[in-house]
There are 2 protein chains.
Amino acid sequence: MHEATLTIGQLAERSGVAPSALRYYERLGLIHAARTGGNQRRYARTELRRVAFVRISQQVGVSLDEIREALDSLPAGRTPTPDDWAALSRAWRDRLDERIRLLGKLRDDLDGCIGCGCLSLQRCTLYNPDDSLAAEGPGARLVLPRD
Amino acid sequence: MHEATLTIGQLAERSGVAPSALRYYERLGLIHAARTGGNQRRYARTELRRVAFVRISQQVGVSLDEIREALDSLPAGRTPTPDDWAALSRAWRDRLDERIRLLGKLRDDLDGCIGCGCLSLQRCTLYNPDDSLAAEGPGARLVLPRD
DNA sequence: CTCGGACCTGAAGCGAACTTCAACTCAAGG
DNA sequence: CCTTGAGTTGAAGTTCGCTTCAGGTCCGAG
């Protein structure tokens, strides 16, 4: 017990992520594993933290691809320090703030806008939030949760 | 101009939703259209509101299937009143509140938890939120560790 | 009446994030 | 040594929310 490395089943149980998902993450380069002579994965305990970071980032609304980019920015060679992780999470924090802000606006406008008489949807603050519309050309494009 | 019904192109332009998406919504029973003799769709102007409701609901994080259920609860037969819409949106508002609350918690814990020394992920408030979290998108489910 | 752009349908494709399957191999307890 | 459960692979399947495509039809301005 409490050995140096974890099997995929152990990592799965400790992280709450299915083995199939862990293999998938590995294919995407989100996590890494050493191999035994018999080709089985053995995970360093630090991978637990990577998995946690992945899952938390997903809750923030970040795609696995972006998460990979973020993880790639961790120092190669040495085990990341708490400060390394904190730096990573600060970037996410900004996204989170923005997301919370938008949802708050949505909430504030919800009753009024849905209930109101306006059919002029393109002008509606709710339907056409000023921030998420920047690009996308002419007409009212509704750009969604991604940003 | 300003005619009684809208073609799919007009509804698309006014709502900012692609014609293909509108046809898709119709297949799912989210919106409805009358047909001309030549089988082309003609939308009542009230459909604009349904489309708006769909898009707004998506931002709240509700699936199209749940949105359909909600729309089905609108009074059949008569055109929904502002009050009908307001009732509908109040339910969403609760979800929104919950979602904002969870994201706020995520934010509050983010630096501390990711940066901290705990590897005891299953106990981490962040990783293992006590509440069930609405999934962000397809497949992006948070599978909680067994308590 | 003609022309071209808007519209129709069903089927297929897409991308994200996985899961499932089949057919194996590995590893640890008895 | 043998059994059994855990692990391996690549390929294919799944769900969601659409978009794209092919092969046609409609309709309104000229």
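This dialogue explains how to read several features of a predicted model with two protein chains and two DNA strands.

Biologist: Which residues come nearest to DNA strand C?

Modeller: In this predicted model, 22 residues surround DNA strand C, and the nearest are A:S20, A:Y24, A:Q58, B:T7 and B:R41. Of the DNA strand C atoms that come within 4 Å of the protein, 87% belong to sugar and phosphate.

Biologist: Which helices supply the surface near DNA strand C, and which of them gives the most?

Modeller: At least two residues each come from helix 2 (19–27) and helix 3 (46–60) of chain A and from helix 1 (8–15) of chain B. Helix 2 of chain A gives the most, with four residues. Divided by class, the surface near DNA strand C holds eleven polar, seven nonpolar and four charged residues.

Biologist: What do the individual polar contacts with DNA strand C look like?

Modeller: One should ask which part of the residue and which part of the DNA take part. The side chain of A:Q58 places a polar atom 2.6 Å from a phosphate oxygen of DNA strand C. For A:T36, an N or O atom of the side chain is 3.2 Å from a phosphate oxygen of DNA strand C. With A:L64, by contrast, a backbone N or O atom lies 3.3 Å from a phosphate oxygen of that strand.

Biologist: How many residues surround DNA strand D, and which are the closest?

Modeller: DNA strand D is surrounded by 21 residues, the closest being A:T7, A:G9, A:R41, B:S20 and B:Q58. Sugar and phosphate make up 81% of the atoms of DNA strand D that come within 4 Å of the protein. Helix 1 of chain A, together with helix 2 (19–27) and helix 3 (46–60) of chain B, each supply at least two residues of the surface near DNA strand D. Helix 2 of chain B gives the most to this surface, with four residues. By class, the surface near DNA strand D has ten polar, seven nonpolar and four charged residues.

Biologist: Where on DNA strand D do A:G9, A:R41 and B:Y24 place their polar contacts?

Modeller: A backbone N or O atom of A:G9 is 2.8 Å from a phosphate oxygen, and a polar backbone atom of A:R41 is 2.6 Å from a phosphate oxygen. B:Y24 reaches a base instead: a polar atom of its side chain lies 3.5 Å from a base nitrogen of DNA strand D.

Biologist: Are helix 1 and helix 2 of chain A roughly parallel or roughly perpendicular to each other?

Modeller: The crossing angle of the axes decides this. The axes of helix 1 (residues 8–15) and helix 2 of chain A come within 9 Å and cross at roughly 105 degrees. The two helices are therefore roughly perpendicular to each other. Helix 1 contributes A:I8, A:L11, A:A12 and A:S15 to the contact, and helix 2 contributes A:P19, A:L22 and A:R23. By class, that contact has five nonpolar residues, one polar and one charged.

Biologist: What is the strand order in the sheet of chain B, and which strands are at its edges?

Modeller: Strands of a sheet pair through backbone hydrogen bonds, either parallel or antiparallel. In chain B, three strands form an open sheet in the order 1-3-2, with antiparallel pairing. Strand 1 (5–6) and strand 2 (34–35) are the edge strands, each pairing on one side only. Strand 2 runs antiparallel to strand 3 (residues 41–44) and is joined to strand 3 by two bridges. B:R35 stands opposite B:R41 of strand 3, and B:R41 is also among the residues nearest to DNA strand C.

Note on methods. Residues are numbered from 1 along each chain as its sequence is written. Chains are lettered from A and ligands numbered from 1 in the order in which they are written. This is a predicted model: local features need pLDDT of at least 70, side-chain atom pairs count only at pLDDT 80 or more; totals for chains, interfaces and linings use all residues. Side-chain values use heavy atoms; hydrogens and water are left out. A residue is near a molecule or strand if one of its heavy atoms lies within 4 Å of it. A polar contact is a pair of N or O atoms within 3.5 Å; within protein, one must be able to donate a hydrogen and the other to accept it, and residues adjacent in sequence count only if both atoms are side-chain atoms. Ala, Val, Leu, Ile, Met, Phe, Trp, Tyr, Cys and Pro count as nonpolar, Asp, Glu, Lys and Arg as charged, and the others, Gly among them, as polar. Axes are lines fitted to C-alpha atoms, for helices over the stretch in contact, and angles run from 0 to 180 degrees between N-to-C directions. Angles under 35 degrees count as roughly parallel, over 145 as roughly antiparallel, 65 to 115 as roughly perpendicular and the rest as oblique. Contact means heavy atoms within 4.5 Å. Two strands pair if DSSP finds at least two bridges between them.
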